[in-house]
Amino acid sequence: MKITKHAFEQMEKRGFTTDMLRFLLKHSKITKLSKSNPSRYLKVGFVDGNWWTIVVDKDLFTLVTVRRAHASEIEGD
């Protein structure tokens, strides 16, 4: 997986490790993002006691950013 500079910075800032990333990639669902950004996808999962969202490019190979999941993403709305 290619990790962008921004994604790497966000991982460091939030204490999100590569092991957490590996787990989330393996055990999470994928959801298409809003119409405002159709070339990006979300993967939402529960890792180390928190819900996380990673944003990947349409190639499903490039990690764009990492953040805590929004409630609507967790509920699947």
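Where is Leu60 found? In this predicted model, Leu60 sits in the loop between S4 and S5. Its phi is positive, about 60°, although Leu60 is not a glycine. Most residues other than glycine have a negative phi.

**Fold and dimensions**

The chain holds three helices and five strands. Read from the N terminus, the order of elements is β-α-α-β-β-β-β-α. A compact globule of 77 residues would have a radius of gyration near 11 Å, and the chain, at 11 Å, agrees with that value. The C-alpha trace spans about 30 × 25 × 20 Å along its principal axes. Among contacts with a separation of 6 or more, 36% are between residues 24 or more positions apart.

**Surface and charge**

The accessible surface of the chain is about 5000 Å², and carbon and sulfur atoms account for 53% of this area. Of the 77 residues, 34% are buried. There are 14 positive and 9 negative side chains, with the centres of the two sets 4 Å apart.

**Nonpolar cores**

In soluble globular proteins, nonpolar side chains tend to be buried together. Here the largest nonpolar core has twelve residues: Ala7, Met11, Phe16, Met20, Leu21, Leu24, Val47, Trp52, Ile54, Val56, Leu63 and Val66. At least two residues of this core come from each of helix H1 (5–14), helix H2 (18–27), strand S4 (50–57) and strand S5 (62–68). Apart from it lies another core of five residues, including Leu42, Val55, Val64 and Ala69.

Met20 belongs to the largest core. Leaving aside residues up to four places away in sequence, Met20 touches Gly15, Val47, Asp48 and Trp52. Two of these partners, Gly15 and Asp48, are loop residues and appear in the table below.

**Loop residues**

| Residue | Loop | Relative accessibility | Class |
|---|---|---|---|
| Gly15 | between H1 and H2 | 45% | partly exposed |
| Asp48 | between S3 (40–47) and S4 | 63% | exposed |
| Leu60 | between S4 and S5 | 48% | partly exposed |

Asp48 is exposed because its relative accessible area is 63%, and exposed means over 50%. Leu60, at 48%, counts as partly exposed. Asp48 also has a positive phi, near 50°, in a residue other than glycine. Gly15 and Glu75 are 60 residues apart in sequence, and their C-alpha atoms are 24 Å apart in space.

Key: Residues are numbered from 1 along each chain as its sequence is written. This is a predicted model: local features need pLDDT of at least 70, side-chain atom pairs count only at pLDDT 80 or more; totals for chains, interfaces and linings use all residues. Side-chain values use heavy atoms; hydrogens and water are left out. Helices (H or I, at least four residues) and strands (E, at least two) are DSSP runs, numbered from the N terminus. The radius of gyration is taken over C-alpha atoms; the globule rule is 2.2 Å times the number of residues to the power 0.38. Buried means under 20% relative accessible area, exposed over 50%, partly exposed in between (1.4 Å probe, protein chains only). Contact means heavy atoms within 4.5 Å. Accessible areas come from the Shrake-Rupley method with a 1.4 Å probe; for residues, only the protein chains shown count as cover. Lys and Arg count as positive and Asp and Glu as negative; His and the chain ends are not counted. The place of a charge is taken as NZ of Lys, CZ of Arg, CG of Asp or CD of Glu. A nonpolar core is a set of buried Ala, Val, Leu, Ile, Met, Phe, Trp, Tyr and Cys residues joined through side-chain atoms within 4.5 Å.
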